[in-house]
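Me: I have a structure to go through with you. Please justify each label you give, and keep it brisk.

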Amino acid sequence: MAICSFAVQFAPGTAGDDARFTLGSDPRVTLGPVAGDRLALVMEVPDDEGEAAGEWLLTLPGVLRATLASAYYTDLPITACPTR
Amino acid sequence: MIQLERRDFLKMSAMAAAAAMIAPGTAAAAEGAAPAGGDGLTWSKAPCRFCGTGCGVLLGAKDGKVVAMQADKEADVNKGLCCMKGYHVGLILYGQDRLTRPLKRVAEGKYEAISWDEALTIIAERIKAKPGKFALYGSGQHTIVEGYIANKFVKAGLGHNHIDPNARLCMASAATGYNATYGVDEPTGCYDDLDHCTVLISWGNNPAEQHPVLFSRVMDRRLKGDKIHFIDLATRRTRSSEQADEVHFFAPNSDLAVANGIAHLLVKKGFIDKEWVQKHFNFRKRVAEYAKDPAKPVDFDPEAIKPQNLTGAPMTAAEYAKAIEEYTPEHVEKISGVPADAIRRMADLFADPSQKVLSWWCMGPNQHTRGTAMNSLLHSIHHLAGQWGKPGCGSLSLTGQPSACGTAREVGTFCHLLPGHLPVINPKYRELAEEYWSLPKGRISDKIGFHTVKMWEEFCKPDGAVDTIWVQVTNPGQTLPNQKKLFLKKKECPDKFLIVSDVYPTATTALADLILPSAMYVEKNGMYGNAERKTQQWFKMVPPPGEARDDAWQTLAVSRRLFDMGVETMKDKDGEWIFAKTLKNPDGSVPEAWKWESYYSINVDERCFEEFRRFTRLKHKDLAPYQVYVKAHGLRWPVVQQPDGSWKETLWRFVEGKDPYVKPGAGWQFYHSNSKDDRAFIWFHQYEQPPEMPDAAYPFWLCTGRVIEHWHSGTMTMRVPPLRRSMPHAYVEVHPDDAAALGVKSGDQVVVESRRGELKLPVWINGRGKPPKGTVFVPFFDERLQINLVTLDAHDPFSKQPDFKKCAVRLRRA
Amino acid sequence: MAGPGPARGWLAILCAGIMGVALVGLALGMGTPATAWTAPVSARPDPGLDGALPAPRYAEIDSRARGVNAHYHSDLRTLVSRTPGLAEAVDTSEESRRATLARRAARRAYAGAPPTIPHPVDANQVEACYACHGQGREIDGLIAPKISHQRYTNCTQCHAQGGTPGPGPELAIPNLFAGDQGPSSGVRAYPGAPPQMPHPTTMREDCTSCHGVLGGKGMRTSHPWRMNCVQCHAQSATLNQSYFGEEPPPPWAGQK
């Protein structure tokens, strides 16, 4: 499993709020500190889907930008992590 | 358990990394402008100063100097990658020998510094005495607004059309090719085609060195597993050939035959009956008859050269099939040297609907005495095969200068155009320009002015029709063909007067009577338009050195001086200065932009651009308001306003769903069709031999061109140490067998001699490029070794673009 | 050097190059993609060559030594390529670091410029570059750094030769550009804290190119066994052009 962190920027208004809610209720996502319309978050995804995770974030309505901050590819057994 | 704890720790540190990125202070000030801080520099966007690719770069400035560069990740064209020139573009400002004062020639080779005021007076008096004998030689490096001001200065302010750009030497045939085929200029596709094509065919082109960012944009797709079959049709082996799946050498000028060979096979395969051919295309041939013998091309009679003959004579599909009949693969092999099997393979690829075939070219088909024909044929084979109108398919002409499209073509600094691609011979467009510019009726001349070759020919004759030329942003003393005839003869004409605005001493300033020091690149506001119709804007970032000033200001100031001297043509129909309404403040007052102190008190670029923009809507080349370009990293026209007020660019023209001007249900609609029926053309052109071919006395072909390190005449790049060190000196590439026969080895000096001139050069065997036997290649960047003393001034009858790619020479040991 | 010296040197380089290219080409699978309709490359139309490029004759080879490393003469018998171990002692002295930074600066017009190539480039194919720079090599004290941006295949697009590759002397017009050399080290929040990255990671995606075991002296990491650099060393969004504008991007920004 890979542990990736992203800096995400939300659109103003309800679209952004919806995106925040979607992310907050996703078990793979841990929300971090907020600065204005931006949010730091960590995601856990299968090793070969790190890039796809960033693309997925961008598909959410209300997410303007998502920039990968770090990616750590672990050797954790899959059973130890929540799955999709 | 331990693993889980470790994971939590990893998540914490990952979160810290992300948190660091959202912290205040990392925010950009505004879209389009990169932030200050981080590294203490102020970063701003600009397009690269060099070729027509139009890469986005960010320049970092500190204390009034450019000190660093990076590729703009937000720029669609280059996506964060430049070439070695782009990565060093800021260094071009800082060559030690920048021109910083106006200089007047007092004796042979002797100059004296004068004031700007005196310089303006000299020019204004010279023009006032004989306005009809004044000509302006502009450039594809003119910013859009510099070109617009120069164009209006001549066409509205002097009432004649003697203005032509150096782009005449570079993409005039591409423009006539598009016009002949679609009735309107500039590419129908865009660079996004490079991301989708599966077959790429280069026609006499070396993009690995000349358009490296576009070349790697397509070749790097192979790393992702994309299959791209790259066919290099070439006259010499280049760096591009190294990545090709097939390399085929064709005899110079026989690209016409190769294209016909593909068309022949497509006709044989029945493509002439395909639905899209019947629905969207008409067949056309040249008005002038072809000679029976390709070795004896018909000299065009004046009738055939008429601009209206550019659109040709109609022919039926059956007549077309009959005309193309003789170009069997075997016949084409005999003419061109390209194997018949290769022609068949290419035709198969064109015919395969699962392939996306893209052709691209630059100076090969353009610097060609049959350039209009060759450009038209390239579009035509794509039409016939249906390899058009889908992302990844089509025919893409690349340009060599950063604003050959944006300025020379769109602003129309040609002797036959008004802004917005409007031909000056059309009374409707003249009237319209007179209305937009508030000119009295009849001010704009209906006569096409002197094109580049003619302009310099007249200038270099003692009794010629041109006696003063103002050169801006270009170096004709190095880049005109047949230098002795078209430039150096000026020495023998003491009454002629050459004004040169430039940033460094060049081969052109060497013969100048008056030299004006110019601001360059990010020392001024500017806008450029690249080869895929993309318009880009930048702001002045650093001050120009000494008394160097913007070219746009120079033209405005001379215009104002003429107005103040009472020259009637510098007034509009209300008696105001022709630029007064352009520059007017909202309250009606006119800012004194002709005075340098107040030139930057307003944004001259914005006000001129807004006036220019009106012209662009007539031919569906709509440009957005200036402020939209400030925020964007370039937009491709037509840029059309959406119901929500935003502005949307257009990637593919004439295709329903992509081009907002295509009627719903039309599929493809060529709404500027020459035949007025929404159809484009499929052209037939016969193969003809070039005007000069190797013979017993001059047995070698000479080809000229560029190298990756240097850009055009090297005025800028030869002053950039990393680039100059990499390629310090011109040379002649010779085939090993030819070298052995001459008894020379790498580094030996040989004399390259044509009927027009000669030049001594060091031999380079198996060097940068590898010409086939019987061909030599010389780059033109070196001002000490000017190959244009040797080249030919023969030119295409429609585009008037000279052929720098082929003439006959002989070699001898020096 | 006179007599057969240069010729032998060339042979050695040629052999090494060909072997390297073949091996690396094989390993990376970077040969020309094979397609059903791929014909053999028809190179020169010369009769009798069967499409093969002839080997250069001695007369065709410019025998001058060129480039910054022109003084360097290779000999296969003495060349040893070695890769330092992860646990080897690392030179972290300030003196070495400064020397390495100075050498880097000499090959770059400004921090972030693509470095110039300090040796002749006779091959135009990317495989030739990858032979040494694909994984990085240290041969007899000279380091060929690993490419830090492996997704590009046109090396000579950005990297100019530092020497004079063609015939003819250099022309010297001074240039007054004073490139920004960037900070010489990253900022630490407190003594002992991991330094932040003082440069963008654009084009420098592989930290080990400069900071790995084959990095320049004084720039090598003291802990090469740790593989996740960005875990502790923070990047700068500004330097990386990761903009977070105050306004949403314009509607045309992502239009495709």
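Reply: Start with chain A: from the N terminus on, its elements run β-α-β-β-α-β. The model is predicted.

Me: How many helices and strands is that in chain A?
Reply: Two helices and four strands. Chain A has 84 residues, and buried ones make up 52% of them. Its exposed area is about 3800 Å², with 58% supplied by carbon and sulfur atoms. Take the contacts in chain A between residues at least 6 apart in sequence: 71% of these join residues at least 24 apart.

Me: And what is the order of elements in chain C?
Reply: Chain C reads α-α-α-β-β-α from its N terminus. That comes to four helices and two strands. Of its 256 residues, 37% count as buried. The accessible surface is about 14300 Å², and carbon and sulfur atoms hold 62% of it. For contacts between residues at least 6 apart in sequence, 74% join residues at least 24 apart.

Me: Now chain B. Why are H3(B) and H20(B) called roughly parallel?
Reply: Helix H3 (residues 144-155) and helix H20 (residues 551-564) of chain B pack at about 25 degrees. Their axes are 8 Å apart. Angles under 35 degrees count as roughly parallel. So H3(B) is roughly parallel to H20(B). The crossing is left-handed.

Me: Which residues make that contact between H3(B) and H20(B)?
Reply: H3(B) brings B:Glu146, B:Ile149, B:Ala150 and B:Phe153. H20(B) brings B:Asp551, B:Ala552, B:Thr555, B:Leu556, B:Val558, B:Ser559 and B:Leu562. They divide into seven nonpolar, two polar and two charged.

Me: What makes H11(B) oblique to H12(B)?
Reply: The angle between helix H11 (residues 329-336) and helix H12 (residues 340-351) of chain B is about 120 degrees. Roughly perpendicular covers 65 to 115, and roughly antiparallel needs over 145. The value of about 120 degrees fits neither class, so the pair is oblique. Their axes are 8 Å apart, and the crossing is right-handed.

Me: Which residues of H11(B) and H12(B) make the contact?
Reply: From H11(B) come B:Pro329, B:Glu330, B:Val332 and B:Glu333. From H12(B) come B:Ala340, B:Ile343 and B:Arg344. The split is four nonpolar, no polar and three charged.

Me: How do you know whether B:Gly526 is buried or exposed?
Reply: Its relative accessible area is 0%. Buried means under 20%. Therefore B:Gly526 is buried. B:Gly526 is found in strand S20 (residues 526-529) of chain B. Beyond its neighbours within four places in sequence, B:Gly526 is in contact with B:Thr143, B:Gln536, B:Gln537, B:Trp538 and B:Asp605. B:Phe539 is 13 residues from B:Gly526 along the chain, and their C-alpha atoms are separated by 6.5 Å.

Me: Why does B:Met693 count as partly exposed?
Reply: Its relative accessibility is 29%. Buried would need under 20%, exposed over 50%. The value lies in between, so B:Met693 is partly exposed. B:Met693 lies in the loop between strand S25 (680-684) and strand S26 (700-705) of chain B. Leaving out neighbours within four places, its contacts are B:Trp701 and B:Ala808. B:Pro252 is 441 residues away in sequence, yet 9.0 Å away C-alpha to C-alpha.

Me: What is phi at B:His421, and what is phi at B:His712?
Reply: Phi of B:His421 is near 65 degrees, a positive value in a residue other than glycine. B:His712 has a positive phi too, near 50 degrees. Most residues other than glycine have a negative phi.

Me: Where do B:His421 and B:His712 lie, and what makes each of them buried?
Reply: B:His421 is in the loop between strand S15 (417-418) and strand S16 (422-423) of chain B. B:His712 is in the loop between S26 and helix H25 (721-726) of chain B. The cut-off for buried is under 20%. B:His421 has 5%, so B:His421 is buried. B:His712 has 16%, so B:His712 is buried.

Me: What kind of peptide bond joins B:Trp637 and B:Pro638?
Reply: A cis peptide bond, with omega about -5 degrees. Most peptide bonds are trans. B:Pro638 lies in the loop between strand S22 (635-636) and strand S23 (640-641) of chain B.

Technical notes:
Residues numbered from 1 in each chain as written. Chains lettered and ligands numbered in written order. Predicted model: local features only at pLDDT ≥ 70, side-chain atom pairs only at ≥ 80, totals over all residues. Heavy atoms only, no water. Buried < 20%, exposed > 50% of the residue type's maximum accessible area, 1.4 Å probe, protein only. Contact = heavy atoms within 4.5 Å. Areas by Shrake-Rupley, 256 points an atom, 1.4 Å probe, with all protein chains shown as cover. Axes fitted to C-alpha atoms, helices over the stretch in contact; angles between N-to-C directions. Left-handed = near helix turned anticlockwise from the far one by under 90°. Nonpolar A, V, L, I, M, F, W, Y, C, P; charged D, E, K, R; others polar.
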